[in-house]
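Please open the model in your viewer and keep the sequence panel beside it. The tour below goes from one selection to the next.

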Amino acid sequence: MGKILNFIVILFLPAVAYSHEINLTPIEKVYIKKNPTISIAVLSESWSPYIEKTPVGEYNGIHIDYIKNITSIIGVKVKYNTFDSVDELLKSVAEGESDIAVGFSQTPERDRTFSFSVPFFTGSVAVWYRKTRAAYMPIQSLSWACVSGTIYCERLKEQGIRQIDEKKHFLEAINLVNEGEADAIIANYVTIAEYLNDSNIVKGTTKLPEWLEPESAGVIASKKNKILIDIINKVLNEKEDRAPHTQIESDNIYHQSDLLNLAYRNMNAEEQTIRYSLKEDSYPLFYRNDKGEITGYLFDFIKLIQARTGLKFKYVPSIGKTAWNSLSDGDIDLVPIAYPGENNDSNITLSHPYISITYRSIEKKDYVDANKPTGVLIASNNTKTSLIRSFFSNSTKTYDDVKSLLNDLELGEIRCAYLPSDLIEGVIAKDFTDHFSIGKSPDRIVDISFAVSKNNVLLSEVINGVLATVDHEELTKLKRGYRQFNVIYGYEKSLVYKVLFLFSCAVFLACLVIYF
């Protein structure tokens, strides 16, 4: 019986704690007692990731997270009224059909009709251009898409833009851009970022121009329902002192990333630019092409982050010292790095890995002396060898020539050879598999991260926030763009060796991301 009683107490404890956490007036307490359920106006069409309706009829999303947390603290239930457009939604709140709507910004026009809560948060307003060059053209010369009834359309009109196509829903608006019927769309950054990521769109660019100030999102109600706004404001005004279990913020990764990015962009102009460096011979990760231009899939990845977030990156060549020393001296902010094991450097913070390179084994099918060393292909036999060796054993034998590596494997001089899996999958000849086994020994995985100075805590959080929103498929697409060949069957072995040699140098240079 005692256990049951304890369970009941624990079950109802949050509601009790919530009700005592805000200091309500007698009139406000009566209002809550008379209105145990409040109605929230939402769009019938999902506006991801702010409001989404699940197949079972439940609502999720950033705005829903906030309002659920707030109403839990107040001690009321919620129900949802759906509408086909923003205009219809706002009308329902103005006329009292719905008690509140969530995620709206205050404007002079809306002030005449609605009461506004203090903002939940301030978020970025962004523009996505289907073609990058459009971002550098006069905005009045472009055709635009936006969602009718939002402040985004109003922002365009304030800039004297006339070519505006207003749609009821975000997907309708962004489809105009995808189909070439509009040059750009204006919306909140989080919605654009999630859409581009989920759709695996790497073309175009996202900008946060100076003429678009961040928007503050909160709750709106009719002027007659100001008492409810007053109650909500008490919850919001006390949020900084609230216990962790009663926090109201949404943990959506795009939302959290935007909050961090916005904080970083609020720094002075010089500090906003993220400086990075890397050796320019790290093909296919980072290198100069025949025209002398920096390229590679890490370079493309950084451009993708810049295009998606509005963050500014600047490449700083390493002249006279290594990129690692430049980071230590504060000349740069960021270094891509392959780091073995744990981070033992007290001066840096490592981001979450953003690229993983898998090394796969090649072994003879017949007997091999287990006492023989492992062979691994690297770009050159120099001091960088210790980095690759650290992923293997101390007895690892290094090679910069794939022909020598495979010859020694065939002669039994080494018991096993390790090459990047992309390389193996790309150049295996048909006769090559007759007397070799692939993947018999466990794979060795090397993670590549960004190294950031320990003093730059905000940048470290920004980078991790951005990496959390990047789909692995997008990285795969970028990497495929630098793969020079597909699977090869039946080629002359000498030709395969030549191709292997050229590509092996490329891959291992890519793996030896700056550490020394």
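## From a sheet to a cavity

In this predicted model, begin by selecting residues 144-147, which form strand β9, and then add β10, to which β9 is joined by four bridges, the two strands running parallel. Within this pair, pick out C146, whose bridge partner in β10 is E166.

Now widen the selection to the open sheet of five strands, in which the order is β10-β9-β11-β8-β12 and the pairing is mixed. At its edges are β10 (164-167) and β12 (205-207), each of which pairs on one side only, and neighbouring strands of this sheet are turned against each other by 25° on average, direction ignored.

Next, select residues 189-198 to show helix α8, which lies across β8 (125-129), β11 (184-188) and β12, and which runs at about 120° to β11.

Leave the sheet and turn to the enclosed space, where a search of the whole structure finds seven cavities of 30 Å³ or more. The largest cavity holds about 370 Å³ of space, and it is lined by 24 residues, of which W47, H63, V102, G103 and F104 are the closest to its centre. Colour β1 (37-43), α4 (86-94), β5 (100-104), α6 (151-158) and β13 (215-222), the elements that each give two or more residues to this lining; β5 gives the most, with four residues. By residue class, the lining divides into 15 nonpolar, six polar and three charged residues.

Finally, colour by domain: where does the largest cavity lie with respect to domain 1 (26-120 + 216-251) and domain 2 (125-213)? Both domains give residues to its lining, so the cavity lies between them.

Notes. Residues numbered from 1 in each chain as written. Predicted model: local features only at pLDDT ≥ 70, side-chain atom pairs only at ≥ 80, totals over all residues. Heavy atoms only, no water. Pairing = 2+ DSSP bridges. Axes fitted to C-alpha atoms, helices over the stretch in contact; angles between N-to-C directions. Contact = heavy atoms within 4.5 Å. 1 Å grid on protein atoms, 1.4 Å probe; cavity = no way out; pocket = protein on both sides within 12 Å on 5 of 7 lines; lining within 4 Å. Points joined across faces, edges and corners; volume = space filled by probe spheres on them. Nonpolar A, V, L, I, M, F, W, Y, C, P; charged D, E, K, R; others polar. Domains from an automatic or database assignment.
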